[in-house]
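Biologist: I should like to go through this model with you element by element. Please state your criteria as they become relevant.

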Amino acid sequence: MNKPVRILGIAGSLRRGSYNRSALRAASLLVPEGAEIDIFELGDMPAFNQDNERNAPASVVELKRRIRAADAVLIVTPEYNYSIPGMLKNAIDWASRPYGDNSWSGKPGAIMGASPGAMGTARAQYHLRQIFVFLKVYPVNQPEVMIMDAANRFDAEGNLTHEPTKDQIRKLLASLVEWTHLISPA
């Protein structure tokens with residue numbers, strides 16, 4: 001693969017001041033040479049309704065197009081009630097439907113997340129890994145980036161200031177690029 005590795009980045013939070021959106025923005029600045037992150041915003045996506053899956057709204061068509069155009073995916077998720085947020089699950093469902101038209105299938109993937117708490121989105125990330133099994137997304141196993149105590153790792157403008165966290169994100173993205181080269185055709 002001589003062209004840049006195109007990574008589609010999706011933040012599972014809609015909140016403007018979200019640590020996860022900030023972490024994704026930081027990742028786009030920390031991506032290794034030979035790779036780039038394209039960020040997709042979930043804000044305009046309606047609730048999934050199987051009655052409409054064959055006539056999907058424009059935001060869903062665009063999401064599916066961008067997943068297919070990407071070489072890999074990076075999902076940055078908060079943790080709500082021990083799991084991923086509903087809006088993220090909604091987007092996952094839309095992009096995997098209708099049956100037989102799963103745009104996620106075969107993609108290398110990486111997961112990270114940020115939380116003000118001590119668990120750093122661990123349960124949501126593990127739940128997302130379970131979902132990846134059905135989607136046929138092949139995740140990077142290590143490093144795991146679980147940004148805990150997020151209020152002390154980002155400044156008031158949402159810039160990641162914690163150098164060890166930046167280093168972990170760099171390592172995750174380098175692993176994703178390497179993994180993408182290994183499992184994707186040239």
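Modeller: Two strands pair if DSSP finds at least two bridges between them. Helices (H or I, at least four residues) and strands (E, at least two) are DSSP runs, numbered from the N terminus. The model is predicted, so local features need pLDDT of at least 70 and side-chain atom pairs count only at pLDDT 80 or more, while totals for chains, interfaces and linings use all residues. Residues are numbered from 1 along each chain as its sequence is written, and side-chain values use heavy atoms, with hydrogens and water left out.

Biologist: Which residue in strand 5 does Gly-109 stand opposite?

Modeller: Strand 4 and strand 5 (residues 138-139) run parallel and are joined by two bridges. Within this pairing, the residue opposite Gly-109 is Pro-139.

Biologist: Which helix makes a right-handed β-α-β unit with strand 4 and strand 5?

Modeller: A crossover is right-handed if, with the strands pointing away from the viewer, the path from the first strand over the helix to the second runs clockwise. For strand 4 and strand 5, the unit is completed by helix 4 (residues 122-135).

Biologist: How many residues of strand 4 are buried?

Modeller: Buried means under 20% relative accessible area, exposed means over 50%, and partly exposed lies in between (1.4 Å probe, protein chains only). One side of strand 4 carries Pro-108, Ala-110, Met-112 and Ala-114, the other Gly-109, Ile-111 and Gly-113, and all are buried. Strand 4 (residues 108-114) is therefore largely enclosed by the rest of the structure, its buried residues numbering seven of the seven.

Biologist: Which residue in strand 6 does Met-112 stand opposite?

Modeller: Strand 6 (residues 145-147) pairs with strand 4 in the parallel sense, over three bridges. Opposite Met-112 in strand 6 is Val-145.

Biologist: Which residue stands opposite Met-112 of strand 4 in its pairing with strand 3?

Modeller: Strand 3 (residues 72-76) is parallel to strand 4, with four bridges between them. One facing pair is Ile-75 and Ile-111. Met-112 itself faces Val-76.

Biologist: What is the bridge partner of Ala-11 in strand 3?

Modeller: Strand 1 (residues 5-11) and strand 3 are parallel partners over five bridges. Both faces of strand 3 are covered, with Ala-72, Leu-74 and Val-76 buried on one side and Val-73 and Ile-75 buried on the other. The partner of Ala-11 is Val-76.

Biologist: Which helix makes a right-handed β-α-β unit with strand 3 and strand 4?

Modeller: Five of the five residues of strand 3 are buried, so this strand is largely enclosed by the rest of the structure. The unit that strand 3 makes with strand 4 includes helix 3 (residues 86-95).

Biologist: Why is the pair of Phe-48 and Trp-94 edge-to-face?

Modeller: Rings of Phe, Tyr and Trp (its six-membered ring) pair if their centres lie within 6.5 Å; planes under 30 degrees apart count as stacked, over 60 as edge-to-face and the rest as tilted. The whole structure contains two aromatic pairs. In one of them, Phe-48 and Trp-94 have ring centres 5.0 Å apart and count as edge-to-face because their planes stand at 85°.

Biologist: How many residues apart in sequence are the parts that this pair ties together?

Modeller: Phe-48 is partly exposed at 26% relative accessibility, whereas Trp-94 is buried at 2%. Because Phe-48 lies in the loop between strand 2 (35-40) and helix 2 and Trp-94 lies in helix 3, the pair ties together parts whose separation in sequence is 46 residues.

Biologist: How far does the backbone oxygen of Ile-39 lie from a polar atom of the side chain of Arg-66?

Modeller: Arg-66 belongs to helix 2 (residues 58-69) and is buried because its relative accessibility is 16%. Contact means heavy atoms within 4.5 Å. Beyond residues up to four places away in sequence, Arg-66 touches Leu-8, Asp-38, Ile-39 and Phe-40. From a polar atom of its side chain to the backbone oxygen of Ile-39, the distance is 2.8 Å.

Biologist: Which backbone oxygen does the side chain of Ser-175 reach?

Modeller: Ser-175 lies in helix 5 (residues 163-183) and is partly exposed, with a relative accessible area of 22%. Neighbours within four places in sequence aside, Ser-175 contacts Val-140, Gln-142 and Pro-143. At 3.5 Å, the side chain of Ser-175 reaches the backbone oxygen of Gln-142.

Conventions: Polar contact = N/O pair within 3.5 Å; in protein donor to acceptor, adjacent residues only side chain to side chain.
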